[in-house]
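Here are some short exercises to work through with the model open beside you. Try each task before reading its solution.

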Amino acid sequence: MKRLLNKKLVSMFVIIIFISLLILTNLFSAESNDNLNDLKKKYVVKKSDAIAFKGISDYYEKQDIFYNASNGVVSEVHVDSKQVVKKGDPLFTYYNDSLESEISTLGIQNDSLSNEYNINNDKLLNYKKQLDEMNQSREESLESITKKETLEANFDSLQTIVDTLSNNMKTNNLQINDLKSRLYKIIYADEEGIVYLNDDALTDTSIAYVSIIPNKSVIKSYVDEFDLINIQEGMQVSVNVLNSHEKMTGVVTKISEFPDSSKSNVQAYYEILIKQEVEYIRIGYSVNIELLFREISLRKDVVYEDQGKYFVNKKGENQIEITGDWKNGEFVVSSDNLHDGDILYEYN
């Protein structure tokens, strides 16, 4: 029993010594590699500088409706100022009294056309009845044939007149229906929000008669041409509301195609819109904006390519594979295994 126990203890001791030696060997090997790498040129990984700019909270697709006298006069207002409306709610109605006279004139014309149509259509029916009787009698005298030919000619001529009268009445009816549809014109809300009415706009068409302020806001900012090349629609940003220090993320939703000439006479500035994660920031509040995307770019001498794969020699881990692509002579890293402050070594 004692011999068996002693053999087990010896075996365990040998295993422990073997594992210890293996660990020491690996540590020595890693330290040796780092010592050898220390003789090479080092490269410290650093992300590109953050792009920061200022912005302001603004209306999100504010709807302004201006009075249009060509639609008539405002006959009815369906909302009160500062009332909350939904998309599709009626706001006010135009009444165009000038269309009444046109409708009346077309109506009189239609009455006359209808009377003329009825008279000629009765004649046409009479001609048709005589022709049917002649066809049934099958009389073939010269007088009968001549009378039938005359009736047919009169029938065809009158049919053309009746058709023309019918078409004219249809055209008039279409015009009447169109005018009636424009006699009263209801204006609807395109957005959900709070309504503001301004009666001064009925005499000054440069002022919006109805404004709908949405209960959503958007951040508006302007960037120069140098920052613009680093910004894309869909890119995430961080937003810091200056007066409350509230922080949130946002997404770039729109970049203007052309610069705003009012911002500067010597440099181009482009408007960008950012939708923040919260639905509303009070209109006019100032914010700081910073791009969340900061890329890592590596020099050629620290990137090694082998069979379409890319590697770097990282301190403490030796050779590791990275992913990315070449851009302007540098390798832009897309993998997440490199960080600020990592030390890389040149490849010989």
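**Exercise 1. How many of the residues of S6 are buried?**

Before the solution, two notes. This is a predicted model, in which local features need pLDDT of at least 70 and side-chain atom pairs count only at pLDDT 80 or more, while totals for chains, interfaces and linings use all residues. Residues are numbered from 1 along each chain as its sequence is written, and side-chain values use heavy atoms, with hydrogens and water left out.

Step 1. Helices (H or I, at least four residues) and strands (E, at least two) are DSSP runs, numbered from the N terminus. Strand S6 covers residues 90-95.

Step 2. Buried means under 20% relative accessible area, exposed over 50%, and partly exposed in between, with a 1.4 Å probe and protein chains only. In S6, 5 of the 6 residues are buried, so the strand is mostly covered.

**Exercise 2. Find the strands that pair with S6.**

Step 1. Two strands pair if DSSP finds at least two bridges between them. S4 and S6 run antiparallel and are joined by 4 bridges; here Val77 has Phe92 as its bridge partner.

Step 2. Strand S7 (residues 184-188) also pairs with S6 in the antiparallel sense, over 5 bridges. In this pairing, Lys185 of S7 stands opposite Tyr94.

**Exercise 3. Trace the open sheet that contains S9.**

Step 1. The sheet has 4 strands in the order S3-S9-S8-S5, with antiparallel pairing. Its edge strands, each pairing on one side only, are S3 (63-66) and S5 (84-85).

Step 2. S3 is joined to S9 (residues 208-213) by 4 bridges. One residue to look up is Gln63, whose bridge partner in S9 is Ile212.

**Exercise 4. Describe the aromatic cluster that includes Tyr67.**

Step 1. Rings of Phe, Tyr and Trp (its six-membered ring) pair if their centres lie within 6.5 Å; planes under 30 degrees apart count as stacked, over 60 as edge-to-face and the rest as tilted. The whole structure holds 7 aromatic pairs.

Step 2. One of them joins Tyr67 and Tyr94, a tilted pair at 5.9 Å centre to centre with 35° between the planes. Tyr67 sits in the loop between S3 and strand S4 (73-77) and Tyr94 in S6, so the pair ties together parts that are 27 residues apart in sequence. Tyr67 counts as buried because its relative accessibility is 13%, and Tyr94 is buried at 2%.

Step 3. Phe92 and Tyr209 make an edge-to-face pair, 5.1 Å centre to centre with 80° between the planes. Phe92 belongs to S6 and Tyr209 to S9, 117 residues apart. Both Phe92 and Tyr209 are buried.

Step 4. Putting this together, ring pairs link Tyr67, Phe92, Tyr94 and Tyr209 into a cluster.

**Exercise 5. Is Asn198 buried or partly exposed, and which residues does Asn198 contact?**

Step 1. Asn198 lies in the loop between strand S8 (193-197) and S9. With 28% relative accessibility, Asn198 counts as partly exposed.

Step 2. Contact means heavy atoms within 4.5 Å. Leaving aside neighbours within four places in sequence, Asn198 is in contact with Ile207, Ala208 and Tyr209.

Step 3. A polar atom of the Asn198 side chain lies 3.1 Å from the backbone nitrogen of Asp200. The C-alpha atoms of Asn198 and Ser81 are 8.6 Å apart, although 117 residues separate them along the chain.

Notes: A polar contact is a pair of N or O atoms within 3.5 Å; within protein, one must be able to donate a hydrogen and the other to accept it, and residues adjacent in sequence count only if both atoms are side-chain atoms.
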